[in-house]
Amino acid sequence: MVVIRLARGGAKARPFFNIVVADKRTRRDGRFIERIGFYNPIATASEESIRIAQDRLTYWRSVGAQASPTVERLIKQSAAKAA
C-alpha cells in the first residue's frame, strides 16, 4: 500500500518535514517514491511553512495512495491558506 506521510529532517530541536509518497512498509525516514512538498513547523512570518505540489497530490490520490492524518490536516491547512 502506498501512503503520503511526513519524513523528518532538520537538526535536533529544529524540525523540518518532507511530505513524501512511500510504501507503507518502509521506515519513516527511509526510502520513498516521490517528494511532493515540505512542512516547516518553526517557520517565521517571512518564510514559507507549507508547500504541496497539488498536481502530484491529486495524481497519487487517484491511484489509491492514502494520506496520514497529519498530512490530511496539513493539506486542509494549505488549502485554507491559499483561498
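**Figure 1. Antiparallel pairing of strand 3 and strand 4 in the predicted model.** Strand 3 and strand 4 (residues 50–52) run antiparallel and are joined over 3 bridges. The coordinates shown here and in the following views belong to a predicted model. Within this pairing, phenylalanine 38 stands opposite arginine 51 of strand 4. Arginine 51 is partly exposed, with a relative accessibility of 46%. Its side chain also takes part in a salt bridge with glutamate 48, at 2.6 Å from N to O. Glutamate 48 is likewise assigned as partly exposed, at a relative accessible area of 40%.

**Figure 2. Strand 3 and its pairing with strand 2.** Strand 2 (residues 14–23) pairs with strand 3 in the antiparallel sense, over 5 bridges. One residue pair in this ladder is valine 21 and glutamate 34, the latter being the bridge partner in strand 3. Strand 3 spans residues 34–39, and 5 of its 6 residues are buried, so the strand is largely enclosed by the rest of the structure. As a general feature, side chains in a regular strand alternate between the two faces of the sheet.

**Figure 3. A stacked aromatic pair between strand 2 and strand 3.** The whole structure contains 3 aromatic pairs. In one of them, phenylalanine 17 and tyrosine 39 are stacked, with ring centres 6.3 Å apart and an angle of 20° between the planes. The pair links distant parts of the chain, since phenylalanine 17 belongs to strand 2 and tyrosine 39 to strand 3, 22 residues apart. Phenylalanine 17 is buried, at 18% relative accessibility. Tyrosine 39 is also buried, with a relative accessible area of 16%.

**Figure 4. An edge-to-face aromatic pair of tyrosine 59 and tryptophan 60.** The rings of tyrosine 59 and tryptophan 60 adopt an edge-to-face arrangement, with 5.2 Å from centre to centre and 75° between the planes. The two residues fall into separate accessibility classes: tyrosine 59 is partly exposed at 37% relative accessibility, whereas tryptophan 60 is buried at 12%.

**Figure 5. Buried and exposed faces of helix 2.** Helix 2 (residues 69–82) comprises 14 residues and reaches 20 Å from its first C-alpha to its last, close to the 20 Å expected at 1.5 Å a residue. Its buried residues are Val71, Leu74, Ile75 and Ser78. Viewed down the helix axis, the buried residues fall within an arc of 105°, so they line one face of the helix. The face turned away from this buried side carries the exposed residues Pro69, Lys76 and Ala80. The elements that cover the buried residues of helix 2 include strand 1, strand 2, strand 3 and strand 4, together with helix 1 (54–62) and strand 5 (66–67).

**Figure 6. A salt bridge between helix 1 and helix 2.** Glutamate 72 forms a salt bridge with arginine 61, and the closest N and O atoms of the two are 2.7 Å apart. Glutamate 72 lies in helix 2 and arginine 61 in helix 1, so the pair ties together parts that are 11 residues apart in sequence. Both partners retain some accessibility: glutamate 72 is partly exposed at 26%, and arginine 61 is partly exposed with a relative accessible area of 34%.

**Figure 7. A salt bridge between arginine 28 and aspartate 29.** A search of the whole structure finds 5 salt bridges. Among them is the contact between the side chains of aspartate 29 and arginine 28, at 2.8 Å from N to O. Aspartate 29 is partly exposed at 42% relative accessibility. Arginine 28 is partly exposed as well, with a relative accessible area of 49%; the value remains below the threshold for an exposed residue, because that class requires over 50%.

**Figure 8. Backbone conformation at alanine 13.** Alanine 13 is located in the loop between strand 1 (2–11) and strand 2. Its phi is near 65°, a positive value in a residue other than glycine. For context, most residues other than glycine have a negative phi. Alanine 13 is exposed, with a relative accessible area of 69%.

Technical notes
Residues are numbered from 1 along each chain as its sequence is written. This is a predicted model: local features need pLDDT of at least 70, side-chain atom pairs count only at pLDDT 80 or more; totals for chains, interfaces and linings use all residues. Side-chain values use heavy atoms; hydrogens and water are left out. Buried means under 20% relative accessible area, exposed over 50%, partly exposed in between (1.4 Å probe, protein chains only). Helices (H or I, at least four residues) and strands (E, at least two) are DSSP runs, numbered from the N terminus. Two strands pair if DSSP finds at least two bridges between them. The expected span of a helix is 1.5 Å times one less than its number of residues. The arc is that of the directions from the helix axis to the C-beta atoms. Contact means heavy atoms within 4.5 Å. A salt bridge is a side-chain nitrogen of Lys or Arg within 4 Å of a carboxyl oxygen of Asp or Glu. Rings of Phe, Tyr and Trp (its six-membered ring) pair if their centres lie within 6.5 Å; planes under 30 degrees apart count as stacked, over 60 as edge-to-face and the rest as tilted.
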